[in-house]
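Me: I'd like a close look at one part of this model rather than a full tour. Take your time with it and tie it to the surroundings.

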Amino acid sequence: MKNAIVHDLWGGSSEVSRHQALPFTPMKPVIRAFFKALRLVLGPVMLLKERLTHPKGMQRDAAAQAAVDVQCQSLALYQFNTCPFCIKVRQEMRRLSLPIEKRDAQHNVTHRDELQQGSGATKVPCLKITEANGQARWLQDSNAIVAYLRDQFETTAC
Ligand SMILES: N[C@@H](CCC(=O)N[C@@H](CS)C(=O)NCC(=O)O)C(=O)O
């Protein structure tokens, strides 16, 4: 059976089998418009909250921070701007003073395709970890990403 694309509140989409997708009904455009409106209202509120609750970044001595900066070059966070799980990860990155590149997988088709091909899904947040041998590892789930970042970087404060 062919698959169908379903869209979620945060503008993400996923492929499901036809029998999991909602059948076409005249209500579908209304439901979509409702979620779009909700996203338009909630998005700025969440971004404002993120801005107002910015954690203070941890301080390292210059050499330690330089080493962390280099380590962060092998990481990239695939994310949506207003996804609450992505905001949680971004806040942790700020708290740990990690300059990890953020890649918009919602509006940037190239990034979305990379994410889909690398991780096998368009689910965000997803951390791409490029190992020393050049192999990429894709870490999904905000809790797992936060735990990974803490494990790697929490102890390098001065
Ligand atoms: N349990 C996951 C939830 C992640 C999640 O639901 N992300 C949504 C955006 S808020 C998503 O990626 N939706 C698009 C998709 O599944 O393709 C986490 O904590 O990271």
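Which residues does Tyr 78 touch, not counting residues up to four places away in sequence?

Reply: Keep in mind that this is a predicted model. Leaving out residues up to four places away in sequence, Tyr 78 touches Arg 103, Ala 105, His 111, Leu 115, Val 124, Pro 125, Cys 126 and Lys 128.

Now for the setting. Tyr 78 belongs to the largest nonpolar core, a group of 22 residues, and together with Val 124 and Leu 149 touches the most other members. Strand 3 (75-79), helix 3 (84-95), strand 5 (126-130) and helix 5 (142-153) each give two or more residues to this core. As a general point, nonpolar side chains in soluble globular proteins tend to be buried together. Across the chain's 158 residues, 20% count as buried.

On to the sheet. Its 4 strands form an open sheet in the order 4-3-5-6, with mixed pairing. Strand 4 (101-104) and strand 6 (136-140) are at the edges with a single partner strand each, so one side of each has no neighbour in the sheet. On average, neighbouring strands here are turned by 25 degrees against each other, ignoring direction. Strand 3 and strand 5 run antiparallel and are joined by 4 bridges; Leu 77, for one, has Leu 127 in strand 5 as its bridge partner.

Then there are the helices. Helix 4 (residues 109-119) lies across strand 3, strand 4, strand 5 and strand 6, at about 95 degrees to strand 6. Helix 5 lies across strand 5 and strand 6, and runs at about 120 degrees to strand 6.

How values were computed
Residues numbered from 1 in each chain as written. Predicted model: local features only at pLDDT ≥ 70, side-chain atom pairs only at ≥ 80, totals over all residues. Core = buried A, V, L, I, M, F, W, Y, C linked by C-beta atoms within 7 Å. Buried ≥ 20, exposed ≤ 12 C-beta atoms within 10 Å, placed from the backbone. Contact = placed C-beta atoms within 7 Å. Pairing = 2+ DSSP bridges. Axes fitted to C-alpha atoms, helices over the stretch in contact; angles between N-to-C directions.
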